[in-house]
Amino acid sequence: GPGDEHAEVVVLGSGPGGYTAAFRAADLGKKVILIEKNPTLGGVCLNVGCIPSKALLHVAKVITEAEEMGAHGVTFGKPEINLDDLRAFKDGVVGQLTGGLEGLSKGRKVKVVRGMGTFSGPNMIDVVDADGKKTSVSFDQCVIAAGSEPVNLPFIPEDERIIDSTGALELKDVPERMLILGGGIIGLEMACVYDALGSNITVVELMDQIIPGADKDIVKPLHTRIKSRYEDIKLKTKVTAVEATDAGLVVTFEDDKGETSTDTFDKILVAVGRKPNGKLINAEAAGVAVDDRGFIAVDNQQKTGVPHIFAIGDVVGQPMLAHKAVHEGKVAAEVAAGEKRFFDARLIPSVAYTDPEVAWCGVTETEAKAKGIAYEKGVFPWAASGKALSNGRSEGITKLLFDPEDDRIIGACIVGTNAGDLLAEACIAIEMGADAVDLGHTIHAHPTLSETVNFAAEMFEGTITDLM
Ligand code: FAD
């Protein structure tokens with residue numbers, strides 16, 4: 001009918017997966033429509049995820065670094081925090097990137113259709129905008145990139161003092177006492193921000209360590225540092241009830257021995273995971289299978305069970321990370337354009353942008369032990385790195401895992417300042433099949449933190465001569 005649209009490739013959702021797929025398909029000559037329900041493009045990552053959190057984490061780092069300069073003979077005054085200006089800085093960064101995507105879409109003639117999209121058939125999506133206006137978009141091929149949203153716990157009441165990551169990034173105020181429910185990456189990154197801004201932080205985590213996906217020895221330096229800054233870190237503990245009272249949020253904790261206790265907080269950040277949006281798009285109408293949790297299964301070309309419909313990003317499974325979504329977006333677009341492309345990455349790196357950062361890729365030691373994968377390791381403690389000592393931050397560790405058969409690197413775990421950037425060298429090394437000699441004999445600039453990768457390889461080889 002009038003106002004209806006057709007595209008060769010329709011992309012549902014404009015997060016890092018979706019815009020990447022849309023742009024790549026357009027670059028390969030396809031007529032593309034990108035459907036997005038939010039007013040701005042960029043999805044969770046740009047609007048309420050990776051980018052705003054990193055803008056705030058940078059500021060947090062500067063605050064805590066300035067605080068700690070006292071130990072090096074330089075004292076700054078107590079920071080004066082203007083929340084409105086800080087929020088404006090963060091919003092400015094987000095706005096620059098989301099605005100940039102509008103320009104990039106126009107430049108490629110990718111048409112953006114705004115509104116909530118749901119399938120009405122195997123070649124049709126109905127889009128309803130904020131005013132209730134409906135546009136039917138027909139397509140030859142489709143890429144589902146609907147992303148994910150925060151999980152809520154059923155027993156937690158509705159209260160404006162109980163927030164998710166999106167609420168935390170809004171930076172409404174700096175609460176006096178804040179509970180971080182969930183000791184994973186997102187919870188700890190936000191804890192880092194609010195700690196620097198002046199909140200007293202308590203973290204509660206069900207498992208026996210924070211950041212449960214990373215090796216315990218690598219998480220330890222982070223644990224030690226935040227333990228000294230925060231009020232409390234409760235491990236092997238669950239929250240069983242939350243009551244919203246005028247005096248505050250009364251939380252009941254239960255530890256692994258069944259002991260319960262209560263405490264009162266001014267704010268709670270619920271960061272217990274994210275759930276995929278697969279159930280919100282009426283995928284059945286297109287014949288696309290969605291599992292109980294809302295995930296859509298795909299093959300190694302990102303194809304769903306319906307060959308002309310692809311799915312990418314958070315909606316297809318873990319790890320829910322932007323760079324995975326981007327990579328999958330390129331694969332889907334290239335396959336849609338007729339290229340022979342597969343998802344065959346050897347690794348997907350993970351980084352917690354906490355202070356210190358925790359980063360890992362490939363096989364972790366915990367995983368190797370659990371799966372019986374043979375490995376040997378080279379571990380370099382940053383206490384012997386001249387650069388780390390000069391930075392006043394020598395708590396880091398660089399650990400590399402090698403295949404004992406051929407000495408090829410199979411995994412890397414790094415904790416320390418800038419660990420996320422340092423990890424890139426290990427990612428390239430693993431993808432290229434590098435071995436310990438390649439890493440150990442490559443001359444690294446001195447003094448840099450990157451030397452710790454070099455030194456860890458030499459520790460494994462037993463060829464290290466002098467440290468620092
Ligand atoms: P999303 O980014 O979730 O985008 C999906 C888009 O689809 C949304 O814009 C949504 O509005 C739209 N949409 C969904 N359904 C419909 C529909 N039916 N109709 C129309 N539009 C629809 N990852 C990292 O790699 N690094 C980080 O540092 C990092 N930090 C994070 C910090 C926080 C606080 C959070 C919450 C997440 C973070 N992530 C990070 C995860 C990252 O944001 C996600 O992995 C990534 O955004 C997933 O991309 P995606 O394209 O799959 O979907």
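These questions and answers explain the terms used for parts of this predicted model.

Q: What makes α3 oblique to α4?
A: The angle decides. The axes of α3 (residues 50-68) and α4 (residues 83-107) cross at roughly 140 degrees. Roughly antiparallel needs an angle over 145, and roughly perpendicular covers 65 to 115. The crossing fits neither range, so α3 is oblique to α4. The axes come within 9 Å.

Q: Which hand does the crossing of α3 and α4 have?
A: The crossing is right-handed.

Q: Which residues make the contact of α3 and α4?
A: From α3 come Ile51, Pro52, Ala55, Leu56 and Val59. From α4 come Leu86, Phe89, Lys90, Val93, Val94 and Leu97.

Q: How do the residues of the contact of α3 with α4 divide into nonpolar, polar and charged?
A: Ten are nonpolar, none is polar and one is charged. Lys counts as charged, and Lys90 of α4 is in the contact.

Q: Why is the span of α8 called close to the expected one?
A: Helix α8 (residues 322-336) has 15 residues. The expected span takes 1.5 Å times one less than that number, which comes to 21 Å for α8. From its first C-alpha to its last, α8 reaches 21 Å. The two values therefore agree.

Q: What makes α8 mostly covered?
A: In α8, 13 of the 15 residues are buried. Buried means 20 or more other C-beta atoms within 10 Å.

Q: Which residue with a positive phi follows α8?
A: Gly338 does, with phi near 95 degrees.

Q: How do you know that the peptide bond from Asp355 to Pro356 is cis?
A: Look at omega. The value is near 0 degrees, and the bond is cis. Pro356 lies in the loop between β18 (350-352) and β19 (357-362).

Q: What is omega for the cis peptide bond that joins His446 and Pro447?
A: Omega is about -10 degrees there. Pro447 sits in the loop between α12 (436-441) and α13 (451-461).

Q: What is phi for Leu171, which is not a glycine?
A: Phi of Leu171 is positive, at about 60 degrees. Leu171 is placed in the loop between α5 (165-170) and β9 (177-181).

Q: Why does Leu171 count as partly exposed?
A: Leu171 has 18 C-beta neighbours inside 10 Å. Buried needs 20 or more, and exposed needs 12 or fewer. The count for Leu171 falls in between, so Leu171 is partly exposed.

Q: Why does Asn282 count as partly exposed?
A: Asn282 has 16 C-beta neighbours inside 10 Å. That count lies between the two cut-offs, 12 and 20, so Asn282 is partly exposed. Asn282 is in the loop between β16 (274-276) and β17 (309-311). Its phi is positive, near 50 degrees, though Asn282 is a residue other than glycine.

Q: What makes Asp292 exposed?
A: Asp292 has 6 other C-beta atoms within 10 Å. Exposed means 12 or fewer, so Asp292 qualifies. Asp292 is in the loop between β16 and β17. Its C-alpha is separated by 36 Å from that of Asp355, 63 residues apart along the chain.

Q: Why does Ser261 count as exposed?
A: Ser261 has 11 C-beta neighbours inside 10 Å. The limit for exposed is 12 or fewer, so Ser261 meets it. Ser261 belongs to strand β14 (residues 260-265).

Q: How many residues apart are Ser261 and Glu284 in sequence?
A: They are 23 residues apart in sequence, and 46 Å apart in space, C-alpha to C-alpha.

Note on methods
Residues are numbered from 1 along each chain as its sequence is written. This is a predicted model: local features need pLDDT of at least 70, side-chain atom pairs count only at pLDDT 80 or more; totals for chains, interfaces and linings use all residues. Axes are lines fitted to C-alpha atoms, for helices over the stretch in contact, and angles run from 0 to 180 degrees between N-to-C directions. Helices (H or I, at least four residues) and strands (E, at least two) are DSSP runs, numbered from the N terminus. Angles under 35 degrees count as roughly parallel, over 145 as roughly antiparallel, 65 to 115 as roughly perpendicular and the rest as oblique. A crossing is left-handed if the near helix is turned anticlockwise from the far one by less than a right angle, and right-handed if clockwise. Two residues are in contact if their C-beta atoms, placed from the backbone, lie within 7 Å.
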